[in-house]
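Trainee: Could you take me through the nonpolar core of this one, slowly? I'd like to see how the inside is put together.

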Amino acid sequence: QVQLVESGGGLVQAGGSLRLSCAASGRTASINAMGWFRQAPGKEREFVASITWSGGITSYEDSVKGRFTVSRDSAKNTMSLQMNTLQPEDTAVYYCAARPAFTTWTKSAAWGQGIQVTVSS
């Protein structure tokens, strides 16, 4: 079992920045990759960014590419999402996720409780 706890988030004006963090505990040795997802009101949860735990290879949703940066500290079992040039459409509940190797987020991921990010115009 892997437990995930998000921190950060809050209210920020458009064009501003915010940094989210996720702390993993439990069976952290099983983690192959961690990522961020978000869900806006009335919409389905969508992928935002991910990073592999060993090599640090990153992936980003097109809408956040160039604005968001995902990073990790494998020794501390933490992952962060630096969000710059935030826009109102970035408003959502953001979820931290972790998955083992050779599987998918949908099938085997552990999830955090979610944290609110609100961007005002």
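Mentor: Let's pin down one word before we start: a residue is buried when its relative accessible area is under 20%, taken with a 1.4 Å probe. By that cut-off, 40% of the 121 residues of the protein count as buried. Keep in mind that we're looking at a predicted model.

Now the frame around the core. The protein has one helix and eleven strands, and along the sequence they run β-β-β-β-β-β-β-β-β-α-β-β. The radius of gyration is 14 Å, which agrees with the value near 14 Å that a compact globule of 121 residues would have. The C-alpha trace spans about 40 × 25 × 25 Å along its principal axes.

On to the core itself. The largest nonpolar core holds 29 residues, and those with the most contacts inside it are Leu4, Met34, Trp36, Met79, Leu81, Met83 and Tyr94. Several strands give two or more residues to this core, among them S1 (2-8), S4 (33-39), S8 (78-83) and S9 (92-99).

Zoom in on Met34. Leaving out residues up to four places away in sequence, Met34 touches Leu4, Cys22, Ala24, Ser50, Ile51, Trp53, Met79, Cys96, Ala97, Ala98 and Trp105. Apart from the largest core lies another one, of five residues, including Phe37, Ala97, Trp105 and Ala109.

The contact statistics give the wider view: of the contacts with a separation of 6 or more, 53% are between residues 24 or more positions apart. As for the outside, the protein exposes about 6,300 Å², with carbon and sulfur atoms supplying 49% of it.

Terms used. Residues numbered from 1 in each chain as written. Predicted model: local features only at pLDDT ≥ 70, side-chain atom pairs only at ≥ 80, totals over all residues. Heavy atoms only, no water. Helix = DSSP H or I, 4+ residues; strand = E, 2+ residues; numbered from the N terminus. Rg over C-alpha atoms; globule rule 2.2 N^0.38 Å. Buried < 20%, exposed > 50% of the residue type's maximum accessible area, 1.4 Å probe, protein only. Contact = heavy atoms within 4.5 Å. Areas by Shrake-Rupley, 256 points an atom, 1.4 Å probe, with all protein chains shown as cover. Core = buried A, V, L, I, M, F, W, Y, C linked by side-chain atoms within 4.5 Å.
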